[in-house]
Structure formats: structure tokens, C-alpha cells
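Reader: Hi! I have a new model open and would like to talk it through with you. Could you walk me around?

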Amino acid sequence: MKPKTAEFLLTKVMGWTIGSKFPDVDKALILGVPHTSVMDFVVTALYARSQNVTVKVLVKEKFFFWPLKYILSGFGAMPLKSRENGGASAAMQMIEA
């Protein structure tokens, strides 16, 4: 999705206002907890795309089934196998940037 398309969806279709630009940094870790709904992910993904920022999002592996798997992957989501190797923090250490 192109940044202008994401901005259109976010501002005109969903009614959000973009208040500031994303910081100019090489890497950042953003925690979005607690969640209020699945729309948190959609709004964040559209904002990041509107700012031309590449995002990788960790999502529980159980959500990666057809067709949701392809939609999540398109938004930059990566499956998190939190039950392997001692939990979520151990699984995150295995992820390559």
C-alpha cells in the first residue's frame, strides 16, 4: 500500500488526524499495550505506512490461519511462538532484525 493511500484511509475514511511525523531514527521499539480492540493494529499499521515507515509486528501464532495469515503478513506481522523456549521474551530474542 502506498503512503498516500494509507493516509487517505486513516484520515478521510476512518476520521483520524495525523498530529505529528514519525521520529527520524534507524530502529525503534514501540509497545502498544493494553489493546482496546483489533482496530489498534489497523490504525497503527495505516499510520506507519502513511509515514513510509517499515513496521514488524509480533502477533500470536494462533492468528496466522487462512486468510488472516496473508492479511497480517501484508501489514508486516510476524508470528510469535510464545510457548517455545521459555516464553515470549525468549522467542523475541530469536527474531532477526
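**A chat about the chain**

Author: Happy to! Let's begin with Val43, which sits in helix H2. Keep in mind that this is a predicted model.

Reader: Good to know. Is Val43 buried or exposed?

Author: Val43 counts as buried because its relative accessible area is 14%, and the cut-off for buried is under 20%.

Reader: Which residues does Val43 contact, leaving aside its neighbours within four places in sequence?

Author: Those are Leu10, Met14 and Trp16. Leu10 is 33 residues away from Val43 in sequence, yet their C-alpha atoms are 6.9 Å apart in space.

Reader: Nice. Let me zoom out for a second: how many helices and strands does the chain have?

Author: There are 4 helices and 2 strands. Read from the N terminus, the order is α-α-β-α-β-α.

Reader: And what percentage of the residues is buried?

Author: Buried residues are 20% of the 97 in the chain. The accessible surface is about 7,900 Å², and carbon and sulfur atoms account for 60% of that surface.

Reader: What about contacts over long stretches of sequence? I mean the share that joins residues at least 24 apart.

Author: Taking contacts between residues at least 6 apart in sequence, 45% of them join residues at least 24 apart.

Reader: Thanks. Back to helix H2, then. What can you tell me about Ser50?

Author: Ser50 belongs to helix H2. With a relative accessibility of 9%, Ser50 is counted as buried, so Ser50 falls under the 20% cut-off.

Reader: Which backbone oxygen lies 2.7 Å from a polar atom of the Ser50 side chain?

Author: That is the backbone oxygen of Tyr47. If you set aside neighbours within four places in sequence, Ser50 also contacts Pro3, Ala6, Glu7 and Ile18.

Reader: And Gln51, where is that one?

Author: Gln51 is in the loop between H2 and strand S1, which covers 57–60. Gln51 is buried, at 15% relative accessible area. Its contacts, again without neighbours within four places in sequence, are Ile18, Ser20, Lys21 and Phe22. Ile18 is in contact with Ser50 and with Gln51.

Reader: I'd like to check the backbone too. Which residue has a positive phi although it is not a glycine?

Author: That is Asn52, with a phi of about 60°. Asn52 is in the loop between H2 and S1.

Reader: Is Asn52 buried or exposed?

Author: Exposed: the relative accessibility of Asn52 is 54%, and the cut-off for exposed is over 50%.

Reader: Why do you point out a positive phi?

Author: Because most residues other than glycine have a negative phi, and most peptide bonds are trans.

Reader: Then which peptide bond is cis?

Author: The bond from Trp66 to Pro67 is cis, with omega near -5°. Pro67 lies in the loop between S1 and helix H3, residues 68–74.

Reader: Changing topic, I like pockets. What is the volume of the second largest one?

Author: About 200 Å³. Its lining includes Met1, Leu46, Arg49, Val53, Phe75 and Gly76.

Reader: Which element gives the largest share of that lining?

Author: Helix H2, residues 39–50, with 4 residues. By class, the lining of this second largest pocket has 7 nonpolar, 3 polar and 1 charged residues.

Reader: What does Val57 touch, not counting residues up to four places away in sequence?

Author: Val57 touches Phe41, Gly76, Ala77 and Met78. Gly76 is also one of the residues lining the second largest pocket. Val57 itself is in strand S1 and is partly exposed, at 22% relative accessibility.

Reader: How far is Val57 from Pro79, C-alpha to C-alpha?

Author: They are 8.5 Å apart in space and 22 residues apart in sequence.

Reader: One last stop: where is Asp24?

Author: Asp24 is in the loop between helix H1, residues 3–13, and H2. Asp24 is exposed, with 81% relative accessible area. The C-alpha atoms of Asp24 and Val53 are 9.7 Å apart, and 29 residues separate the two along the chain. Val53 is among the residues lining the second largest pocket.

Reader: Great tour, thank you!

Notes:
Residues are numbered from 1 along each chain as its sequence is written. This is a predicted model: local features need pLDDT of at least 70, side-chain atom pairs count only at pLDDT 80 or more; totals for chains, interfaces and linings use all residues. Side-chain values use heavy atoms; hydrogens and water are left out. Buried means under 20% relative accessible area, exposed over 50%, partly exposed in between (1.4 Å probe, protein chains only). Contact means heavy atoms within 4.5 Å. Accessible areas come from the Shrake-Rupley method with a 1.4 Å probe; for residues, only the protein chains shown count as cover. On a 1 Å grid over the protein atoms alone, a cavity is a set of points where a 1.4 Å probe fits but cannot get out, and a pocket is an open set with protein on both sides within 12 Å along at least five of seven lines; lining residues have an atom within 4 Å of a point. Grid points are joined across faces, edges and corners, and a volume is the space filled by probe spheres set on the points. Ala, Val, Leu, Ile, Met, Phe, Trp, Tyr, Cys and Pro count as nonpolar, Asp, Glu, Lys and Arg as charged, and the others, Gly among them, as polar. A polar contact is a pair of N or O atoms within 3.5 Å; within protein, one must be able to donate a hydrogen and the other to accept it, and residues adjacent in sequence count only if both atoms are side-chain atoms.
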